Structure formats: C-alpha cells, structure tokens
Amino acid sequence: MKNMNIKKVVIIITITLTGALAGILYFNSSAKPIRRDIVIKARQYSYEPNRMEVNVGDTLYIKLLALDVMHGFYLEGYDIDAEIPANLSNFKVRKPSDGFNWKDTNEIVIIVTRGGKFRYRCSHTCGTMHPFMQGEMIVHPNHLFNGGVGAVIGFVFGLLWLIYKKNKKGHDNE
Ligand SMILES: [Cu+2]
C-alpha cells in the first residue's frame, strides 16, 4: 500500500515535469529574453512603429526621433516620459513619478518586467491631432511562465489519469 502511494507521487511528478518541459519547448523559440534595439520615429500624428511586440525578460534599447516638430513619448506602466526635439538624436527623459527631473539622453533602456498591453502616446502638444498620436507595446509572457502553465496542465492530467485508474480498478474488482 505504501509502495502504491510512492508510485502515484512519482507518476504525478513525471507527468507534471513533462508538461512543464512541453510548455517551455513549445514557446521557447519565440520567447527567449533578448536585447532589442528599437528606433521609434515620431511625426504628426503617428509613431513608427505604432505597435511593438516584446517578451517579459527582454531588454529594450529605444531611440526616439522626431521628424518634423517636437513630440513626446509617454509609456504607460513603465514610468517613462520623454520630450523629443525635432531632428536631434538627443532627447530629454524623466520618470513621471519623480516629477520634472529631466535627463538628457539618446537612448531609453527598459527591462521588460510586466506582461500585458501598454499604450504609448505623445505627451507634448504637437498640433491639432495630437491627442490621437499613440501606439501600443504588447508584452508576451516568457518561457518560464509557459513552463508553469505546462506544469499545471501536466499536473491536472496526472490527477485525472490516477482518478481514471482508480475507478477502473474499482470496476475490475466488482
Ligand atoms: Cu506629437
């Protein structure tokens, strides 16, 4: 009887780990944390690109260029606001939570820590259509998360298998 329980535990652990591995392998190719060099061009009244897809764990090196007049770049969820003068590689950046403590730079470095959808929008009035100047950053979960999902699915399958075996055994004994 004691041996049976150990056997069950081993079976559940094996199936759980298999699920985790399947989750990691399935998503790994697209979700390895990487360095991404991104240039965002701002012009009246859009960003190019206006959609970025990244993964949790990635490090983003973002350069901002304003091609006509001065624009802004406020990124939701990451406490970033920039002011980009026209036709210069340098711009000013601040953390809105830190007030108006502007710093001069030519690159924003972001370590992506949160999954979800984050809008970026122009934070410097640049003309009549200024309020519509925005884009979005889609953050996909990383492979550890997918491995976790795989593990949960594997665990559930393991339990179902055991319940099935137990019921079958019960019927066999009848
Ligand atoms: Cu603008």
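This report covers the fold, the two sheets, the nonpolar core and some backbone features of a predicted model.

Local features are given only where pLDDT is at least 70, and side-chain atom pairs count only at pLDDT 80 or more, while totals for chains, interfaces and linings use all residues. Residue numbers start from 1 along each chain as its sequence is written.

**Overall fold**

The protein chain holds two helices and eleven strands. Helices (H or I, at least four residues) and strands (E, at least two) are DSSP runs, numbered from the N terminus. Along the sequence the pattern is α-β-β-β-β-β-β-β-β-β-β-β-α. The chain has 174 residues, of which 24% count as buried. Buried means that 20 or more other C-beta atoms lie within 10 Å of the residue's own; exposed means 12 or fewer, partly exposed is in between, and C-beta atoms are placed from the backbone. Among contacts with a separation of 6 or more, 65% join residues 24 or more positions apart. A contact requires C-beta atoms, placed from the backbone, within 7 Å.

**Two open sheets**

Strands pair here if DSSP finds at least two bridges between them. One open sheet has seven strands in the order E3-E11-E10-E5-E6-E7-E8, with mixed pairing. E3 and strand E8 (103–105) stand at its edges; each has a single partner strand, so one side of each lacks a neighbour in the sheet. On average, neighbouring strands of this sheet are turned by 25° against each other, direction ignored. Such angles are taken between N-to-C directions and run from 0 to 180 degrees; the axes are lines fitted to C-alpha atoms, for helices over the stretch in contact. E7 and E8 pair in the antiparallel sense over three bridges. Phe91 has Thr105 in E8 as its bridge partner.

The other open sheet has four strands in the order E2-E1-E4-E9, and its pairing is also mixed. Its edges are E2 and strand E9 (108–111), each with a single partner strand, so one side of each is left without a neighbour in the sheet. Here the average turn between neighbouring strands is 30°, direction ignored. Strand E4 (residues 59–66) pairs with E9 in the antiparallel sense over four bridges. Tyr61 stands opposite Val109 in E9.

**The nonpolar core**

A nonpolar core is a set of buried Ala, Val, Leu, Ile, Met, Phe, Trp, Tyr and Cys residues joined through C-beta atoms within 7 Å. The largest has 21 residues; Ile40, Ala42, Leu64, Phe73, Ala82 and Ile84 touch the most other members. Two or more residues come from each of E1, E4, E5, E6, E7 and strand E11 (134–140). E4 gives the most, with four residues. Beyond its neighbours within four places in sequence, Ile40 is in contact with Tyr47, Pro49, Ile62, Leu64 and Phe73.

**Backbone features in loops**

| Feature | Value | Loop |
|---|---|---|
| Gln44 to Tyr45, cis peptide bond | omega near 0° | Tyr45: between strand E1 (35–43) and strand E2 (46–48) |
| Glu48 to Pro49, cis peptide bond | omega near 5° | Pro49: between E2 and strand E3 (51–55) |
| Asp79, positive phi | phi near 55° | between strand E5 (71–75) and strand E6 (80–84) |
| Asn87, positive phi | phi near 60° | between E6 and strand E7 (91–94) |

Asp79 counts as partly exposed because it has 13 C-beta neighbours inside 10 Å. Asn87 has 11 inside 10 Å and therefore counts as exposed.

Definitions and conventions:
Contact = placed C-beta atoms within 7 Å.
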